Amino acid sequence: MIIGIAGGSGSGKTTFTNAIKEMFKEDVLIIRHDDYYKDHSNLSFEEKKHINYDHPDALETNLLVEHVKQLKDGQPIEKPLYDFSTHDRKGSEMIFPKKIIILEGILILESKALRNLIDIKVYVDAASDERILRRILRDTKKRGRTLEDICDQYLKTVRPMHEKYVEPTRKYADIIINGGMNKMALELIRTKIESVLQEEV
Ligand SMILES: Nc1ncnc2c1ncn2[C@@H]1O[C@H](COP(=O)(O)OP(=O)(O)O)[C@@H](O)[C@H]1O
Ligand SMILES: O=c1ccn([C@@H]2O[C@H](COP(=O)(O)O)[C@@H](O)[C@H]2O)c(=O)[nH]1
């Protein structure tokens, strides 16, 4: 079963995904769309800072679609790895299929080809002021960004692309949840995953 978890930057997608992983541990495979950002290692850091990372073209979604198909067919994939602090691809890792696969990312419901492979589509909703405040705290601590860069990027690309490409995908969601620390939503997903895992036994 493939679960897609979308929502704006800072909405709580990773928090929600990690909570599912914590429950099911090795039974669940997480694939983050972020790992499929295109490589820009030929550019300087200053040039890379100005790329629009919130446009669908910034991601190699075709490769993700192929990888999801392979995993569904029971085949392993060579998944790219991405380093946010340098905006670069950092090698790859071998990933083996699992019965429950979670795809997570701001634009995970944007591509029709990808949507067609997803069984449960979740959109994590959160107010834009909460999202930017969380992003500031996270990106200064974990992604090596300055406050000035975060504000500049938010106004130039993150907010307009959210309005144009991310927010409209909520219409495709089966479930829209209020934030990533949503215990009731977690319970619903837990029940569904448990039933799928039991089918196998
Ligand atoms: N409901 C919440 N209340 C407080 N902090 C939260 C909440 N949800 C997420 N966070 C924090 O906000 C930051 C962004 O959340 P994250 O799950 O990484 O969002 P996303 O993956 O959607 O960008 C993280 O540091 C996380 O710990
Ligand atoms: O090199 C990069 C790649 C992406 N970003 C930003 O990341 C977010 C998506 O990640 P979330 O965990 O959902 O916040 C996206 O809004 C991009 O702007 C980046 O800054 N640099």
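In the predicted model, the largest pocket is the space taken up by ligand 2. Two elements each give two or more residues to the shell around ligand 2, namely helix H5 (128-142) and helix H6 (147-166). The surroundings of ligand 2 comprise 17 residues, and the closest of these are Ser9, Asp54, Tyr82, His87 and Arg135. Sorted by class, this shell holds seven charged, six nonpolar and four polar residues.

Oxygen atoms of ligand 2 are placed at short range from polar atoms of three side chains, those of Ser9, Arg135 and Arg143. For Ser9, a polar side-chain atom is 2.6 Å from an oxygen atom of ligand 2. For Arg135, the separation between a side-chain N or O atom and an oxygen atom of the ligand is 2.7 Å. A polar atom in the side chain of Arg143 lies 2.9 Å from an oxygen atom of ligand 2. The ligand would expose 470 Å² if taken alone, and 99% of that area is buried by the protein.

A further residue examined was Arg32, which lies in strand S2, spanning residues 28-32. The relative accessibility of Arg32 is 24%. Because buried residues fall under 20% and exposed ones over 50%, Arg32 is classed as partly exposed. Arg32 and Thr17 are 15 residues apart along the chain, and their C-alpha atoms are separated by 9.9 Å.

Terms used. Residues are numbered from 1 along each chain as its sequence is written. Chains are lettered from A and ligands numbered from 1 in the order in which they are written. This is a predicted model: local features need pLDDT of at least 70, side-chain atom pairs count only at pLDDT 80 or more; totals for chains, interfaces and linings use all residues. Side-chain values use heavy atoms; hydrogens and water are left out. A residue is near a molecule or strand if one of its heavy atoms lies within 4 Å of it. A polar contact is a pair of N or O atoms within 3.5 Å; within protein, one must be able to donate a hydrogen and the other to accept it, and residues adjacent in sequence count only if both atoms are side-chain atoms. Accessible areas come from the Shrake-Rupley method with a 1.4 Å probe; for residues, only the protein chains shown count as cover. On a 1 Å grid over the protein atoms alone, a cavity is a set of points where a 1.4 Å probe fits but cannot get out, and a pocket is an open set with protein on both sides within 12 Å along at least five of seven lines; lining residues have an atom within 4 Å of a point. A molecule sits in a cavity or pocket if more than half of its atoms lie within 2 Å of its grid points. Helices (H or I, at least four residues) and strands (E, at least two) are DSSP runs, numbered from the N terminus. Ala, Val, Leu, Ile, Met, Phe, Trp, Tyr, Cys and Pro count as nonpolar, Asp, Glu, Lys and Arg as charged, and the others, Gly among them, as polar. Buried means under 20% relative accessible area, exposed over 50%, partly exposed in between (1.4 Å probe, protein chains only).
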